[in-house]
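Hi,

Here is the structure I promised to send over. Have a look at it first, and then read on for what turned up when I went through it.

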Amino acid sequence: MMFDQIKKLTEVQHQALSGLVARQKMTANNLANVDTPSYKGFEVLFEGQLKDKIAQYGKDRRFVKEVPIHYTHQAHMSLDFHEPIAEPILVRQLTDTNTRNDKNNIDLDQEMTKMAQTNLTYDAVAQTLSGKLQGLKYVISEGGR
């Protein structure tokens with residue numbers, strides 16, 4: 001049961017980090033094209049999928065399949081965790097935003113703000129995950145003493 005919770009936590013945080021990395025790359029691409037005539041920016045949308053996954057975990061306590069446990073010796077145990085299937089990240093072209101005279105719709109201030117927000121969010125999620133894993137490491141290493 002504890003391993004199910006750890007797996008759920010890491011899957012959700014992995015998906016969040018993947019979405020944030022994709023957003024950062026797309027924002028960097030938009031910034032690189034800020035002076036390209038007729039360029040239409042893109043944005044990355046993943047929060048809806050992340051909320052759906054969190055809601056699904058909350059509703060269904062058995063969302064993660066039972067982990068088959070194979071005993072190689074009565075004192076040893078191996079855990080068979082499968083890699084989570086990556087959720088697709090949605091990318092949407094910004095066609096409904098104001099354009100400049102050169103028909104480019106990138107707003108430098110908005111993109112820089114998005115970049116800063118994404119950096120802060122990524123750092124917060126990564127620190128949370130790191131803290132949880134450090135706590136688990138402590139429990140595992142100190143639990144046998």
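**What I found**

In the protein chain, 77% of the contacts with a separation of 6 or more are between residues 24 or more positions apart. Keep in mind that this is a predicted model.

First, the overall layout. The protein chain has three helices and four strands, and from the N terminus on they run α-β-α-β-β-β-α. Of its 145 residues, 28% count as buried. The accessible surface comes to about 10,300 Å², and carbon and sulfur atoms hold 57% of that.

Now for the inside. Which residues make up the largest nonpolar core? There are eleven in all: V12, A16, L17, L20, M26, V44, F46, L50, Y57, V125 and L129. The elements that give two or more residues to this core are α1 (2–32), α2 and α3 (108–143), and α1 gives the most, with five. If you want one core member to click on, try L50: not counting residues up to four places away in sequence, L50 touches V12, Q15 and A16.

Next, have a look at E43, in strand β1 (residues 42–45). Is E43 buried or exposed? Its relative accessible area is 16%, and the cut-off for buried is under 20%, so E43 counts as buried. Leaving aside neighbours within four places in sequence, E43 is in contact with M26, L90, V91, R92, L94 and K114. M26, as it happens, is also one of the core residues.

L90 comes up again with G48, which is found in helix α2 (residues 47–59). G48 and L90 are 42 residues apart along the chain, while their C-alpha atoms are separated by 9.8 Å. G48 itself is partly exposed, with a relative accessible area of 46%.

Last, the aromatics. A search of the whole structure finds one aromatic pair. The rings are those of Y39 and F42, with centres 6.5 Å apart and planes at 65 degrees. Why is the pair called edge-to-face? Planes over 60 degrees apart count as edge-to-face, and the planes here are at 65 degrees, so the pair falls in that class. The two partners are covered to differing degrees: Y39 counts as buried at 13% relative accessibility, whereas F42 counts as partly exposed at 26%.

Shout if you'd like to go through any of this together.

Cheers

How values were computed
Residues numbered from 1 in each chain as written. Predicted model: local features only at pLDDT ≥ 70, side-chain atom pairs only at ≥ 80, totals over all residues. Heavy atoms only, no water. Buried < 20%, exposed > 50% of the residue type's maximum accessible area, 1.4 Å probe, protein only. Contact = heavy atoms within 4.5 Å. Core = buried A, V, L, I, M, F, W, Y, C linked by side-chain atoms within 4.5 Å. Phe/Tyr/Trp six-rings, centres within 6.5 Å; stacked < 30°, edge-to-face > 60°. Areas by Shrake-Rupley, 256 points an atom, 1.4 Å probe, with all protein chains shown as cover.
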